[in-house]
Amino acid sequence: MATKFTLNNKPVSLDVDPDMPLLWAVRDEIGLTGSKFGCGAAQCGACTMHVDGQPVRACSTPISAIEGQKVTTIEGLGGKVAQAVQAAWVKHEVAQCGYCQSGQIMSAVALLSDNKKPSDAEIDEAMQGNICRCATYVRIRAAIHDAAKTVRA
């Protein structure tokens, strides 16, 4: 039985194993490779996507769990918050190796969509599930504060 959902504002119907992780369905079946495979255990955040606006770890979310929901990947991000975060990422030169960046940006956009003026502690809490092996956490936090100012302006 096919799983039906909306992916980046387009209807999708996938007839795959219901236990297939959302990450593999999107990467292998649909061909959107912006979300990365990191740990496979929902611990690093490289695979982060939004499901109905909330960040989820796509590596551990079965495709059957998203029936009827709206999924957004890094390729589908848009709007004022996403543009502010992406511009701040460039301005603060956040990316080094870049592997974790799509997951980092997805979590940052989710945070700023709900909280336009996060504190350092709120940023740390929202981003704690996203690991950056290059340790650019100081720049990530600065970019989120900068993006928040842009969103509030």
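Q: What makes a residue buried, exposed or partly exposed?
A: Buried means under 20% relative accessible area, exposed means over 50%, and partly exposed is in between (1.4 Å probe, protein chains only). This is a predicted model, where local features need pLDDT of at least 70 and side-chain atom pairs count only at pLDDT 80 or more, while totals for chains, interfaces and linings use all residues. Residues are numbered from 1 along each chain as its sequence is written, and side-chain values use heavy atoms, with hydrogens and water left out.

Q: Why is Arg 141 called partly exposed?
A: Its relative accessible area is 29%, and partly exposed lies between under 20% and over 50%, so Arg 141 fits that class.

Q: How do you know that Arg 141 and Asp 124 form a salt bridge?
A: A salt bridge needs a side-chain nitrogen of Lys or Arg within 4 Å of a carboxyl oxygen of Asp or Glu. For Arg 141 and Asp 124 the N to O distance is 2.8 Å, so the pair qualifies. Arg 141 lies in helix H5 and Asp 124 in helix H4, 17 residues apart; helices here are DSSP runs (H or I, at least four residues), numbered from the N terminus.

Q: What makes Asp 120, Asp 124 and Arg 141 one network?
A: Their salt bridges share partners. Asp 120 also pairs with Arg 141, with the closest N and O atoms 3.6 Å apart.

Q: Why is Lys 91 called exposed, and Asp 146 buried?
A: Lys 91 has 58% relative accessibility, so it counts as exposed. Asp 146 has a relative accessible area of 16%, so it is buried. These two side chains also meet in a salt bridge, at 3.1 Å from N to O. Lys 91 sits in helix H2 (residues 80–91) and Asp 146 in helix H5 (residues 137–152), so the pair ties together parts 55 residues apart in sequence.

Q: Why is Cys 39 in no disulfide?
A: A disulfide is a pair of cysteine sulfur atoms within 2.5 Å. The structure holds zero disulfides. For Cys 39, the nearest cysteine sulfur, that of Cys 44, is 3.9 Å away, so the pair misses the cut-off.

Q: What about Cys 100, and why is Cys 100 called buried?
A: Cys 100 is in no disulfide either, as the nearest cysteine sulfur, that of Cys 132, is 3.9 Å away. At 8% relative accessibility, Cys 100 falls under the 20% limit and so counts as buried.

Technical notes. Helix = DSSP H or I, 4+ residues; strand = E, 2+ residues; numbered from the N terminus.
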